[in-house]
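Here are some short exercises to work through with the model open in your viewer. Try each task before reading its solution.

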Amino acid sequence: MKKVFIVTGEYSGDIHAAKVAEALKNSDPSIIIEGVGGKNLKAAGVKLLENQNKMGAVGLSPQIIFNHYFLGKKIVDYLTKDFKPDLVLLIDYGAFNLSIAKFLKKAGIKVFYYIPPQVWASRKWRIKTIKKYIDEVLCIFPFEVEMYKQYGINVHYCGHPLVSQLPQPANKDEFFLKHGLDPNKKLVSVFPGSRAFELKYLMNVFLKTAKNLQKKHPDLQICISHAPNLSDELYSKYLKDTDFKVIKGENQALLSVSDALILASGTVALEAALYSTPMIIAYRGPYLFYLIYLLVRCIKMVSLPNIVSGEKIVPEIIENQVTVDNITYNIERILYDRDYRENNIKKLKQVKHLLSDKISSKEAANEILKALQS
């Protein structure tokens, strides 16, 4: 029997990992799959060596570095001494996964990388690490293929997982009725991020903007999206003096029924684009991190819809530009400038056509099965 071990570190990666595990087991029920992940991977029947909760934090604090070091050592020791898999599949979470890849490669374990680090966006030197320690890259953007081939890296284009995994748009009337929303008012939804530090740097300015928009436009209502991986206590700390409706665990439905979105940068922007919902991206963090980002970035756009399309469809408001006035102006333009709104929606629809309609998880599973059989 063949054995596969999957390593992923964040909520979105856990979802994608579960889809690949399901596709592998559907094709070959005899495959033994273990891994590091979350509830989705566990629900797919994968035995977890460790829950990914220990990996969700980012940063350079001693505690985070300590946790990651000992978790990495635990994974490598288990794989090289006990489990001895035929293949390890790394998913997303670049810094951690690349750090353990070199130890796995040295141990003679075949290593595939699904949803690889976005080296085309920043820190392009990491592609040398990928070439050295990864046997095959399973990429999700069509423009990545040529880049990896130029470096002599085995690569297979799987298509973007969101294209096949994203639910159909919610029924707006039913959604509004369920959550007590006014069907006669426009809906602006705020997605402040899925990490605690993003709420720290973005939530207050997002809430002030929402209050400002409602004050200026009585025809607006506001919803706050509650990331399912963050605690109610954390959100209540920011929302205690507001009466905005908070919706948890229905991100895609909320994206699909909103008239405009205020988003922290991330995959959520691509989800919104696939629903053709107009949005702005606003993002800031520790200023030192921003300065480092300016030094290591390879392209000047940050949101995936803009990167995929090659043009600035989505307004990007970054660091010092993240102000109530700037966000308000761009949301008002999306809502009340009819020509701008229609053109924006038209361009967002083109983003989906630029991505393949392949079922990404099945493509990835098929490549893994080929490697296991050979």
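How many bridges join strand β1 to strand β4? Work it out, then find the partner of Val7.

*Solution.* Some ground rules: this is a predicted model, where local features need pLDDT of at least 70 and side-chain atom pairs pLDDT 80 or more, while totals for chains, interfaces and linings use all residues. Numbering starts from 1 along each chain as its sequence is written, and side-chain values use heavy atoms, without hydrogens or water. Strands here are DSSP E runs of at least two residues, helices H or I runs of at least four, numbered from the N terminus. Five bridges link β1 (residues 3-8) with β4 (residues 87-91), running parallel. Pairing takes at least two DSSP bridges. Opposite Val7 sits Leu90 in β4.

**Exercise 2.** Write down the strand order and pick out the edge strands.

*Solution.* The open sheet has seven strands, ordered β3-β2-β1-β4-β5-β6-β7, with parallel pairing. β3 (47-51) and β7 (155-157) are the edges, since each pairs on one side only.

**Exercise 3.** Check the length of helix α4, then see which of its residues are buried.

*Solution.* The expected span is 1.5 Å times one less than the number of residues. For the 13 residues of α4 (residues 94-106) that gives 18 Å, and the end C-alpha atoms are 19 Å apart, so the two agree. Buried (under 20% relative accessible area, 1.4 Å probe, protein chains only; exposed is over 50%, partly exposed in between) applies to several α4 residues, including Phe96, Ile100 and Leu104. Just past α4, Gly108 has a positive phi of about 80°.
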